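Please read the following report alongside the sequence and the three-dimensional structure. It goes from the overall makeup to the sheets, the helices, the cores and a few single residues.

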Amino acid sequence: MVWTSRVCCRKYGNFVDNIRLYVKGGSGGMGLPRLGGHGGNGGDVWVVAKKGITLKQIKDKHPNKRFTAGVGSNSSIHALRGAKGEDAQVLAPVGISVTSDDGRILGELNFEGDSLLVAKGGQGGTLTSGFLPSKGQTRQIRLDLKLIADLGLVGFPNAGKSSLLTALSHAKPRIASYSFTTLRPEIGKVIYNDHKQVSVADLPGLIEGAHENKGMGHRFLKHVERTKQLMFVVDVCGFQLASNTPFRSAFETVLLLTKELELYKEELLGKPAILVINKMDLPEAQSHFRELEAYLENQEESSHLFSEDVIPKSLMRFTHIIPVSATTGLGLPLLKSLIRQSLEEQDVIETEGQRSERLLKLRSEIPTSSVPS
Ligand SMILES: Nc1nc2c(ncn2[C@@H]2O[C@H](COP(=O)(O)OP(=O)(O)OP(=O)(O)O)[C@@H](O)[C@H]2O)c(=O)[nH]1
Ligand SMILES: [Mg+2]
């Protein structure tokens with residue numbers, strides 16, 4: 001079978017996927033001791049999600065990356081209660097997480113209009129504070145953009161992730177390249193005959209220790225968090241990063257990938273995942289594949305045959321295990337239809353889940369006497 005594919009690339013110059021900002025709540029206003037007047041509170045700083053905004057726009061528009069809210073008004077004879085200082089807003093893209101400088105997650109903004117208070121204004125002066133105002137909160141925050149795609153390709157370098165995506169995207173696939181300094185995740189569109197599209201994030205290779213930020217580390221793993229499903233891509237003949245690092249068989253690769261995801265964020269293992277065994281055209285592929293199949297049939301027991309350092313606490317339950325060759329096209333039509341099937345099944349499960357949640361909520365709001373038994 002001959003596979004032809006046309007890939008059209010759109011480069012996004014200096015794509016910015018994270019930014020650090022200095023935020024400062026406004027100071028409170030002075031109280032008025034003589035008349036017991038309250039100073040106004042300082043304004044707060046909020047991060048607000050807005051569609052169409054990019055982190056690069058924030059960087060360009062606010063080169064000093066400082067956001068300061070207004071100062072509360074002093075209490076005066078004309079206005080005993082001073083007015084609150086004006087809030088400052090950081091308009092940010094939808095799909096970001098906000099962390100403090102010490103790495104603590106302050107919140108996530110996943111939908112248009114979501115907002116997060118990042119620096120509180122100081123209190124205005126009152127009797128209890130001797131009419132003296134307090135300063136607003138100041139801190140450095142970091143906004144991190146996470147890529148959103150239906151499917152995220154997870155694998156060690158050289159497993160053939162990019163080749164696979166190129167082979168899967170036919171007709172006029174669109175691949176958008178996001179340029180980082182050294183890292184370039186790409187979104188490809190797999191297009192079906194009925195024009196249905198599935199977005200696939202082709203991510204740079206993962207290496208052992210990625211959860212500790214080795215290699216592309218966190219920069220890569222954070223994108224996996226926001227894909228609906230995962231696709232593990234494994235070289236049937238195994239993987240060796242360098243001559244001084246251990247050789248890993250295909251099964252060990254599966255364990256190690258699982259372990260890296262688990263150590264980074266355990267919840268990632270709950271995502272539906274397809275296991276793709278690539279390079280089935282290679283001479284030794286069949287025997288390696290049979291060996292891998294035997295191990296996968298009983299992952300739990302098989303994993304104990306390997307050294308401690310490759311074994312994850314929990315194992316990945318794959319929805320499908322598919323042998324393919326990105327080079328010859330073997331298994332790709334099946335893979336393509338299973339990707340779609342798997343995503344559609346997930347949609348149905350989620351919609352049903354949401355429906356029963358709504359039903360439960362409605363039931364809990366109706367007084368028990370009116371619920372038919
Ligand atoms: N024989 C064979 N070679 C393949 C196959 N798929 C990919 N390759 C080769 O494997 C090498 C790595 O392929 P890539 O698609 O760049 O692998 P990757 O997983 O995207 O690698 P990173 O981006 O480094 O993580 C290339 O030389 C490909 O030509 C396959 O099915 N069979
Ligand atoms: Mg690649």
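The report below describes a predicted model, beginning with its overall composition.

## Overall makeup

The protein has seven helices and 16 strands. Of its 373 residues, 38% count as buried. Among the contacts with a separation of 6 or more, 72% are between residues 24 or more positions apart along the chain.

## Two open sheets

Strands of a sheet pair through backbone hydrogen bonds, and they may do so in parallel or antiparallel fashion. One open sheet has five strands in the order β4-β2-β9-β6-β7, and its pairing is mixed. Its edge strands are β4 (66–68) and β7 (105–109), each of which pairs on one side only. Neighbouring strands of this five-stranded sheet are turned against each other by 25° on average, direction ignored. Within this sheet, strand β6 (residues 96–100) and strand β9 (residues 138–145) run antiparallel and are joined by five bridges, and Val98 stands opposite Leu143 in β9.

Another open sheet has three strands in the order β5-β3-β8, again with mixed pairing. Here the edge strands are β5 (88–92) and β8 (115–119), and each pairs on one side only. The average turn between neighbouring strands of this three-stranded sheet is 25°, direction ignored. Strand β3 (residues 45–49) runs antiparallel to β8, with four bridges joining the two, and Val48 stands opposite Ser115 in β8.

## Two helices

Helix α7 (residues 332–365) has 34 residues, and the distance from its first C-alpha to its last is 49 Å, close to the 50 Å expected at 1.5 Å a residue. The buried residues of α7 are Leu332, Leu335, Ile339 and Ser342.

Helix α5 (residues 285–297) has 13 residues, which at 1.5 Å a residue should span 18 Å, and this agrees with the 18 Å between its end C-alpha atoms. In α5, Ala285, His288 and Leu292 are buried. These buried residues lie on the same side of α5, because they cover an arc of only 70° around the axis. On the other side of α5, Gln286, Ser287, Arg290, Ala294 and Glu297 are exposed. As for what the buried residues of α5 pack against, their partners are α4 and β15 (273–278).

## Nonpolar cores

The largest nonpolar core has 49 residues, and those with the most contacts inside it are Met231, Phe232, Val234, Val276 and Ile277. The largest share of this core, eight residues, comes from helix α4 (residues 250–264). When neighbours within four places in sequence are left aside, Met231 is in contact with Leu151, Leu153, Val154, Ala273, Ile274 and Val276. Apart from this core lies another, of 20 residues, among them Ile19, Leu109, Ala119 and Leu145.

## Thr68 in strand β4

Thr68 is found in strand β4, one of the edge strands of the five-stranded sheet. Because Thr68 has 19 C-beta neighbours inside 10 Å, whereas 20 or more are needed for a buried residue, Thr68 counts as partly exposed. Leaving aside neighbours within four places in sequence, Thr68 is in contact with Lys24 and Ala88. The C-alpha atoms of Thr68 and Glu86 are separated by 9.5 Å, although these two residues are 18 residues apart along the chain.

## Two residues with positive phi

Most residues other than glycine have a negative phi. Which phi do Lys65 and Phe131 have, and where are they placed? The table gives phi and location for each residue.

| Residue | Phi | Location |
|---|---|---|
| Lys65 | positive, about 55° | loop between α1 (55–61) and β4 |
| Phe131 | positive, about 65° | loop between β8 and β9 |

Neither Lys65 nor Phe131 is a glycine. Is each of them buried, partly exposed or exposed? Lys65 has 14 other C-beta atoms within 10 Å and is therefore partly exposed, whereas Phe131, with 20 C-beta neighbours inside 10 Å, counts as buried. The value for Phe131 meets the cut-off, because a residue is buried if 20 or more other C-beta atoms lie within 10 Å of its own.

Technical notes:
Residues are numbered from 1 along each chain as its sequence is written. Chains are lettered from A and ligands numbered from 1 in the order in which they are written. This is a predicted model: local features need pLDDT of at least 70, side-chain atom pairs count only at pLDDT 80 or more; totals for chains, interfaces and linings use all residues. Two strands pair if DSSP finds at least two bridges between them. Axes are lines fitted to C-alpha atoms, for helices over the stretch in contact, and angles run from 0 to 180 degrees between N-to-C directions. The expected span of a helix is 1.5 Å times one less than its number of residues. A residue is buried if 20 or more other C-beta atoms lie within 10 Å of its own, exposed if 12 or fewer, and partly exposed in between; C-beta atoms are placed from the backbone. A nonpolar core is a set of buried Ala, Val, Leu, Ile, Met, Phe, Trp, Tyr and Cys residues joined through C-beta atoms within 7 Å. Two residues are in contact if their C-beta atoms, placed from the backbone, lie within 7 Å. The arc is that of the directions from the helix axis to the C-beta atoms.
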